[in-house]
Amino acid sequence: PREAFCMHFDADVLYIILTYTNQKLEIFRHSCADAFIRNSKDFSKEEILAVIGVLLNCGVNQQNKDCS
């Protein structure tokens, strides 16, 4: 499974996802009054990989709202 994942999500793709995610988070931090959001840290590569893994796992196991 990891080899198949790495075929589609190489280091360059993960860097792009991480960069744009953190840029969007920075914009959100400045527009939000909530202290929790304003003090949040940037996402790490490991956190992005974990989220993508969970989303793929849900898709593989058909654990989304469209499937019955």
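Q: In this predicted model, which residue forms a salt bridge with Asp42?
A: The model is predicted, and side-chain atom pairs in it count only at pLDDT 80 or more. A salt bridge requires a side-chain nitrogen of Lys or Arg within 4 Å of a carboxyl oxygen of Asp or Glu, and the closest N and O atoms of the pair that includes Asp42 are 2.8 Å apart. The partner of Asp42 is therefore within the cut-off, and this partner is Arg29.

Q: How many residues apart are Asp42 and Arg29, the pair that links distant parts of the chain?
A: Asp42 forms its salt bridge with Arg29, and the pair links distant parts of the chain. Asp42 sits in the loop between α3 (35–38) and α4 (45–60), whereas Arg29 belongs to helix α2, which puts the two 13 residues apart.

Q: Is Asp42 buried, partly exposed or exposed?
A: Buried means under 20% relative accessible area and exposed means over 50%, with partly exposed in between. The relative accessibility of Asp42 is 43%, so this residue counts as partly exposed.

Q: Which residue in helix α2 lies 3 residues apart from Arg29 and forms a salt bridge with it?
A: Arg29 has its place in helix α2, and a spacing of 3 residues there corresponds to about one turn of the helix. The closest N and O atoms of this salt bridge are 2.4 Å apart. At 34% relative accessibility the partner counts as partly exposed, and it is Glu26.

Q: Which residues are joined into one network by salt bridges that share partners?
A: Side chains of opposite charge can pair when their charged atoms come close. The count of salt bridges comes to 2; Arg29 forms one with Glu26, and Asp42 forms one with Arg29. Salt bridges that share partners thus make one network of Glu26, Arg29 and Asp42.

Q: Is Arg29 buried or exposed, and at what relative accessible area?
A: Leaving aside residues up to four places away in sequence, Arg29 touches Ile37, Arg38, Ser40, Lys41 and Asp42. The cut-off for a buried residue is under 20% relative accessible area, so Arg29 is classed as buried, with a value of 8%.

Q: Which residue of the surface patch with Ile16 and Tyr20 lies in helix α2 (residues 11–31) and has a relative accessible area of 58%?
A: The patch on the surface is nonpolar, and its members have about 390 Å² of accessible area together. A residue is exposed when its relative accessible area is over 50%, so a value of 58% qualifies. The residue asked for, which forms the patch with Ile16 and Tyr20, is Tyr15.

Q: How many disulfides does the chain have?
A: Cys6 is partly exposed, with a relative accessible area of 37%, whereas Cys32, at 18% relative accessibility, counts as buried. A disulfide needs a pair of cysteine sulfur atoms within 2.5 Å, and by this rule the count of disulfides is 0.

Q: Where in the chain is confidence highest, and at what mean?
A: Across the chain pLDDT averages 84, and 90% of the residues score at least 70. The chain has 4 helices and 0 strands, and confidence is lowest in helix α1 (residues 2–8), at a mean of 79. Confidence is highest in α2, at a mean of 92.

Methods:
Residues are numbered from 1 along each chain as its sequence is written. Side-chain values use heavy atoms; hydrogens and water are left out. Patches are made of residues with over 30% relative accessible area and no salt bridge: like charges are joined within 9 Å, nonpolar side chains (Val, Leu, Ile, Met, Phe, Trp, Tyr) within 5 Å. Accessible areas come from the Shrake-Rupley method with a 1.4 Å probe; for residues, only the protein chains shown count as cover. Buried means under 20% relative accessible area, exposed over 50%, partly exposed in between (1.4 Å probe, protein chains only). pLDDT is the predictor's confidence in each residue, from 0 to 100. Contact means heavy atoms within 4.5 Å.
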